[in-house]
Amino acid sequence: MILIDHRDGFFVLTFPYNKPDLALVRRLPIREWVKDKFYWRVPELAVKSLDSINAEWTLNGTKKKAEIEGYLSELIDSKLAVEEFQHHSWMRPYQIIGYKYLLMAQKALLSDEPGLGKTAQSIKA
């Protein structure tokens, strides 16, 4: 059984070595093996990817998961009104999210993959 905890800005996955659990963890889109501490870690903002794993959560992990999911939900609900998509019809939805984030952030680094419209988002902001 995989146990998920939270430490230092990451969700930490620990389990006794077995191939089925290892295969589940390796299927996560964002994960990193920490060799010296013998655990897998997943960044906080990738919390939704952990829903695909049948795991046991520690109290600390559960609290942090709820906090991050609440924050993300609040951010999306408050900053992205459906009506605004009509006013930015030339921008793709993910560009609108980036643009709105740039508007509300005091400092930000926009680091999308090449070809996704970073220039358009920056100019619009």
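In this predicted model, the hairpin formed by β1 and β2 has 2 residues between its strands, and within this hairpin Asp 8 adopts a positive phi near 50°. The two strands run antiparallel and are joined by 5 bridges. One point of register between them is given by His 6, which stands opposite Phe 11 in β2.

Strand β2 also pairs with β4, again in the antiparallel sense, over 4 bridges. Here Phe 11 stands opposite Val 42 in β4. Phe 11 therefore has His 6 as its counterpart in one pairing and Val 42 of β4 as its counterpart in the other. In a regular strand, the side chains alternate between the two faces of the sheet.

Helix α1 comprises residues 19-26, and its buried residues are Asp 21, Leu 22 and Val 25. Viewed down the axis of α1, these buried residues fall within an arc of 100°, so they line one face of the helix. The spacing follows a general rule: an α-helix has 3.6 residues a turn, so residues three or four places apart point the same way. The face of α1 turned away from the buried side carries the exposed residues Lys 19 and Pro 20.

The strands and the helix come together at this buried side. What covers the buried residues of α1 includes β1 (2-7), β2 (10-14) and β4 (39-43). At the N-terminal end of α1, Asn 18 acts as a cap, with a side-chain oxygen 2.8 Å from the backbone nitrogen of Asp 21. Asp 21 is thus both a partner in this capping contact and one of the buried residues of the helix.

Terms used: Residues numbered from 1 in each chain as written. Predicted model: local features only at pLDDT ≥ 70, side-chain atom pairs only at ≥ 80, totals over all residues. Heavy atoms only, no water. Buried < 20%, exposed > 50% of the residue type's maximum accessible area, 1.4 Å probe, protein only. Arc of directions from axis to C-beta. Contact = heavy atoms within 4.5 Å. Polar contact = N/O pair within 3.5 Å; in protein donor to acceptor, adjacent residues only side chain to side chain. Pairing = 2+ DSSP bridges.
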